[in-house]
Amino acid sequence: MDDKKTPLQSVKIDRLKIAFGKKVVINNFTLSMNAGDHLALLGVDGSGKSTLIHTLMGFIRPAGGLAQIAGFDCWKQSIDIRRCCGYVPAVPALDKDLSINDILNFSARLEGKPTDWDSVQSLVDRFHLDPRKRVASLSLMEVKFTAFILCFMTHPQIVLLDDPFLSLDDDGTDVLNVFLEEAFSEGQSLFAAISHPSQAGRVFKKIALLQEGELVSIVDSERLAGQIVRKVEVIFGAKPPLEQLVKSGMIRQLSWEGTTLRCCVVGPSGPFLNAINGYDVLDIKSREADLEETIRAVYLEGKDASS
Amino acid sequence: MPPLSLLFRTWRRHWVTLVVWTGFCLLVGIYNLVLYPYLVSLPEYSRYLSGLPQWLRFLEGQPGQLDTATALLFLSTFGFSSPFIWLLLILRVGVNETAGEEEQGSLIFLLTHPIQRRTLYLAKVLAIGVMVFLMGFVLWASTAVMIVIDKVPIGLDWLGVVVLNLGLFVFWCGTVAMLVGALTGKQDFSTLLTALFILVVWAVEGITRLGILPISAHWVNPWGLVLISFTEKNTTAPWWTWSVIAGLCLLTSASGAIAWHRRNFSSYRGNNF
């Protein structure tokens, strides 16, 4: 495999297990991606997103199961993986004493094949970088963009991004979104770890939800972005019957502490407020559910609703 | 064979080490050639030395043992301190090239390229080997200048063999540092552990007087804190000891490469944050 333009098969992960000592980080994870797919992996910090991407890049040896990219085993054939994949870490750490030009040249030499310097220059221009600047003097966003250039200068067929929007401001996010949209219209596959549904943008149509090292579900990104979930706490004068509300699926993750109800309200809050209107409500508190609570309420209901 | 650019990268990361070492050798040379003759000519200095407690005189200057009153044995002081500093510098470089790279996150940047981990490791070993050789040359040159100017009866070729032998030992310490760094991934811990290990080796060598390592063979006698007199023992370590140290270098380098090949690079901190 000499060229990153060679046609590739899908990403294939089957019953993958990753453990550090006794701690299991990823367990029984199964996922497949066809060539040209754009899939985002969404989960809270510590859910195993970066670990999974590191495993795909061959940095980590799986404790069990299968992880393949383009038919290559991610651990045993990691050199072939790196020939066909590009990778942008969440926090790129580049040699501080080098200029962007030096780093690009160094990287090209390690790749060991001719580099299309015209396309590299167009990437530098696109990200508004000054190639003569040393890494030590770059902003976090410029370092991240440099890492993107390093990733894309070899025209990889599969790109793995670890929290690509981390350390980007709003303008940077827009620049990157437009870039990714164009870059991936050419049939490149994209697998990215993101930490908020809104980061899926227009590039990722599907989102894989990861929680505590397990794949919860693969959902449509627009559906997840439109999901409204609120965490609600209601103090009643007396405990009311709410069976109808539970059956309707409007409230999830329900728990009682005396006459205090804690639950997640899925969808608009109006119907819920109407439903409790006739009861003795002493106080009510409400806030937007965070990502983990949303995943639990919407996608884990029935699996661990009691938790 | 690793790409030359990888070797250059290691040298670029540690050019300060080379500068510090050259500066140290220059300073000692200048002290020896310029300040020292003036210092020993002062009667106050002799009175100061004789007024010291016995144990301190033993360290700082006592005729016949570590006599700072002659140029020859002042060189002993230089010879005594330089291996320690050389060792410490290379130890830090070795740990930084494995555990340091992992902690800083810059290793991930290297690992995204289609290069075997063992090739990366070999490049670092080779780069450190060349650094040790360069530092050895600086040590030899600065000592040689002092020998020539002070008219000390030591052959420069013999001095070269001594420095090469000591350099081989320092290189082995560097490979040990790399190995420990590759195993633990923690820079400060690895530095401490390697330093302790080398101290233990030093002590065992000193107690048993095996004569395998150049530190006790002809450079520094750790128990007498005296460089064995150049004039009395103008000999070098037996050739078989070179083979032992070279074998140790190969063994630790291979072990480090295997450790790195099997290691999970799971977490890192970016140096830009």
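The following turns concern strands and a helix in a predicted model.

Local features here need pLDDT of at least 70, and side-chain atom pairs count only at pLDDT 80 or more, while totals for chains, interfaces and linings use all residues. Residues are numbered from 1 along each chain as its sequence is written, and chains are lettered from A, ligands numbered from 1, in the order in which they are written.

Student: Which strands stand at the edges of the open sheet in chain A?
Tutor: Helices (H or I, at least four residues) and strands (E, at least two) are DSSP runs, numbered from the N terminus; two strands pair if DSSP finds at least two bridges between them. The sheet has the order β6-β7-β8-β3-β9-β10, with mixed pairing. An edge strand has a single partner, so one side is left without a neighbour in the sheet. Those strands are β6 (85–88) and β10 (214–220) of chain A.

Student: What is the bridge partner of A:L41 in β8(A)?
Tutor: Strands β3 (residues 38–42) and β8 (residues 189–194) of chain A run parallel, joined by five bridges. In β8(A), the partner of A:L41 is A:A193.

Student: How many of the eight residues of β14 (residues 281–288) of chain A are buried?
Tutor: A residue is buried if 20 or more other C-beta atoms, placed from the backbone, lie within 10 Å of its own, exposed if 12 or fewer, and partly exposed in between. Strand β14(A) pairs with β11 (residues 229–236) of chain A in the antiparallel sense over seven bridges. It lies largely in the open, because the number buried in β14(A) is zero.
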